[in-house]
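Colleague: I have a new model to learn from. Can we go through it step by step?

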Amino acid sequence: MIYTLTLNPAADLELQIDEFAFDSVSRANHSRLDCGGKGFNVSRMLKNLGVTSTAMGFIGGFTGQRLASELSKMDIKSQFTQIAGETRTNVTVVEAGNKRHIKVNEAGPEVSPEELKSLVDQVKQNLHAGDWWVLGGSLLKGVRANFYAELITLIENAGAHAVLDTSGEALREGILAQPSLVKPNLDEAQELLGLSSEELKQTQGWTQALLAMGPKNLVVSLGKKGALMANEQQCAEFTSPSIVEANPIGAGDSMVAGLVWRLSLGESLAQALPYGLACGAASASRQGTDLGSLDQVEQLRKEIN
């Protein structure tokens with residue numbers, strides 16, 4: 001089983017306008033509302049791949065109920081922890097032709113110690129050896145920086161596998177708990193190592209320095225260029241397939257979905273990463289917040305070196 005945990009989910013509202021005109025009123029000619037948040041995006045992509053997952057996390061208020069309803073309509077299983085606060089709404093404004101976009105994310109509600117404990121109890125009830133857990137996204141107010149680290153320890157000690165995709169102090173604390181896989185981007189990798197972009201280019205073995213911090217496997221997203229993978233056995237770089245980019249939002253989460261899909265089947269990281277990159281590219285080629293299809297992924301995977 002694959003579980004996705006989204007502490008700070010969102011309703012993702014996309015508005016399309018003809019062109020940006022600041023200090024004036026713009027009218028949307030198209031709008032779309034989707035279930036957002038890293039874990040939800042992973043579950044949505046897994047559904048497109050024909051893979052079952054269970055979405056977990058905090059939801060609250062009218063927006064939270066709407067997210068739960070939308071996931072149910074997509075036939076995605078869920079086990080949510082109810083909170084008193086209102087689930088956030090993130091807004092993306094896209095210029096026609098997808099030339100440019102602006103994305104504004106709300107911070108999200110605050111959770112109480114009791115609500116936090118309730119979620120941990122739900123995680124404990126679902127722990128089984130061999131399962132995969134995707135822990136992704138930002139932390140809510142009231143959630144301590146080492147919370148992902150605590151969950152990773154629970155998951156890994158149960159014989160399951162934790163995949164961490166977050167940033168900042170939550171990422172730094174989380175990798176120390178030795179997750180099965182961590183997926184920073186290049187900027188996050190630099191921050192973890194305390195190096196500038198130029199210093200990173202001149203540093204030999206920086207992927208091994210990241211592995212020494214704790215994670216068993218490492219994938220560093222390089223954006224349109226592809227990704228690096230590293231573990232004790234090997235280090236390799238894979239190039240992304242060529243696409244006409246429509247909207248990159250959600251591509252990184254789709255990449256995680258592809259990775260977890262193949263890893264859960266028993267494949268190695270080197271075997272799984274081409275699928276991850278194909279999933280990311282497929283989603284980036286889609287209009288709006290739509291995610292890639294299995295047919296697209298299979299075709300794009302063949303182009304990856």
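## Charges, buried sides and odd angles

Colleague: Is Asp34 buried or exposed, and what is its relative accessible area?

Modeller: Buried means under 20% relative accessible area, exposed means over 50%, and partly exposed lies in between (1.4 Å probe, protein chains only). Asp34 is therefore buried, with a relative accessible area of 12%.

Colleague: What kind of model is this?

Modeller: Residues are numbered from 1 along each chain as its sequence is written, and side-chain values use heavy atoms, without hydrogens or water. Local features need pLDDT of at least 70, side-chain atom pairs count only at pLDDT 80 or more, and totals for chains, interfaces and linings use all residues, for this model is predicted.

Colleague: Which residue forms a salt bridge with Asp34?

Modeller: A salt bridge is a side-chain nitrogen of Lys or Arg within 4 Å of a carboxyl oxygen of Asp or Glu. The structure holds 12 of these salt bridges. In one of them, the closest N and O atoms are 3.9 Å apart, and the partner of Asp34 is Arg44.

Colleague: How many residues apart in sequence are the parts that Arg44 and Asp34 tie together?

Modeller: Helices (H or I, at least four residues) and strands (E, at least two) are DSSP runs, numbered from the N terminus. Arg44 counts as buried, at 8% relative accessibility. Arg44 sits in helix 1 (residues 38-48) and Asp34 in strand 3, so the salt bridge ties together parts whose separation in sequence is 10 residues.

Colleague: Which residue meets Arg100 in a salt bridge?

Modeller: Arg100 counts as partly exposed, at 46% relative accessibility. Its partner is buried, with a relative accessible area of 5%. The N to O distance is 3.0 Å, and the partner is Glu95.

Colleague: Which residues do shared salt-bridge partners join into one network?

Modeller: We have already met a salt bridge between Arg44 and Asp34. Salt bridges that share partners make one network of Arg32, Asp34 and Arg44.

Colleague: Glu70 and Lys73 are how many residues apart in helix 2?

Modeller: Glu70 is partly exposed at 27%, whereas Lys73 is exposed at 63%. They form a salt bridge with the closest N and O atoms 3.5 Å apart. About one helical turn separates them in helix 2 (residues 61-73), because their spacing in sequence is three residues.

Colleague: How far from Glu188 is the nearest side chain of opposite charge?

Modeller: Lys and Arg count as positive and Asp and Glu as negative, while His and the chain ends are not counted. Glu188 lies in helix 6. It is buried yet has no salt bridge. The nearest side chain of opposite charge is Lys183, at 6.0 Å.

Colleague: Arg88 is buried too, so which side chain of opposite charge is nearest?

Modeller: Arg88 lies in strand 6 (residues 88-95). It has no salt bridge. At a distance of 6.7 Å, the nearest side chain of opposite charge is Glu106.

Colleague: What arc do the buried residues of helix 5 cover around the axis?

Modeller: The buried residues of helix 5 (residues 168-175) are Ala170, Leu171, Gly174 and Ile175. They lie on the same side of helix 5, because they cover an arc around the axis of only 115°. The arc is that of the directions from the helix axis to the C-beta atoms, and its value here is 115°.

Colleague: Which helices and strands are included in what covers those buried residues?

Modeller: We start from the buried residues of helix 5, including Leu171. Their cover includes helix 4 (147-157), strand 9 (161-165), strand 10 (181-182) and helix 6 (186-193).

Colleague: Which residues is Leu135 in contact with, leaving aside neighbours within four places in sequence?

Modeller: Leu135 is in strand 8 (residues 132-136). It is buried, with a relative accessible area of 0%. Contact means heavy atoms within 4.5 Å. Leu135 has these contacts beyond four places in sequence: Leu5, Tyr148, Leu151, Ile152, Ile155, Val163, Leu164 and Asp165.

Colleague: What positive phi does Asp75 have?

Modeller: Most residues other than glycine have a negative phi. Asp75 is in the loop between helix 2 and strand 5 (77-82). It is exposed, with a relative accessible area of 58%. Asp75 is not a glycine, yet its phi is positive, at about 60°.

Colleague: Where is Gln178?

Modeller: Gln178 has a positive phi of about 60° and is not a glycine. It counts as partly exposed, at 46% relative accessibility. Its place is the loop between helix 5 and strand 10.
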